[in-house]
Amino acid sequence: WAEQFEANQIAQQQLAEAEPKIDFVDRYANSTACFGFREVCKKLGVNEMRFREFLISNHIMYVLAGKMTAQQNHIAAGRFKVVTGVNNQNAHAYAQAKFTAKGVEWVAGEWAKYNLRKQA
């Protein structure tokens, strides 16, 4: 009984220690925030050129008029959001593909699998 009680106490302590991390992941995964290409590269700690090549070669994004554009199937899956607006300084309209929180989580996994395949 004492061993079981002690194991339960240790498990509860570990859960209490992990709670802030769990809360962060839950908030991040459920957030409505969107992230630009460079932000995602910084979050993942990846080289921008290598990551761009990865996104293009794996048909996640493509270049259209000099801008990285998400493939429609990934937009439909909720991994990207196209943000539109007007530049206040020159009144030019723009559209930019942004990673959703879901997209960042997904592409991080795809990037990891890609790197494992390259090492093998």
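Against which elements do the buried residues of helix 2 pack? The views below, taken from a predicted model, address this point and its setting.

**View 1. Overall arrangement of the protein chain.** The protein chain holds 5 helices and 5 strands, and these elements follow the order α-β-α-α-β-β-α-β-β-α from the N terminus. Of its 120 residues, 23% count as buried. The accessible surface amounts to about 8800 Å², with 54% of this area belonging to carbon and sulfur atoms. Where contacts link residues at least 6 apart in sequence, 45% of them join residues at least 24 apart.

**View 2. The buried side of helix 2.** Helix 2 spans residues 37–44, and its buried residues are Phe 37, Val 40 and Cys 41. These residues lie on the same side of helix 2 because they cover an arc of only 100° around the axis.

**View 3. Packing partners of helix 2.** The buried residues of helix 2 pack against two strands and two helices, namely strand 1 (34–35), strand 5 (93–100), helix 3 (48–57) and helix 5 (101–119).

**View 4. The opposite face of helix 2.** Arg 38 and Lys 42 are exposed, and both are carried on the face of helix 2 that is turned away from its buried side. Phe 37, Val 40 and Cys 41, by contrast, are buried.

**View 5. The residue following helix 2.** Gly 45 is located just after helix 2 and adopts a positive phi of about 65°.

Terms used. Residues numbered from 1 in each chain as written. Predicted model: local features only at pLDDT ≥ 70, side-chain atom pairs only at ≥ 80, totals over all residues. Heavy atoms only, no water. Buried < 20%, exposed > 50% of the residue type's maximum accessible area, 1.4 Å probe, protein only. Helix = DSSP H or I, 4+ residues; strand = E, 2+ residues; numbered from the N terminus. Arc of directions from axis to C-beta. Contact = heavy atoms within 4.5 Å. Areas by Shrake-Rupley, 256 points an atom, 1.4 Å probe, with all protein chains shown as cover.
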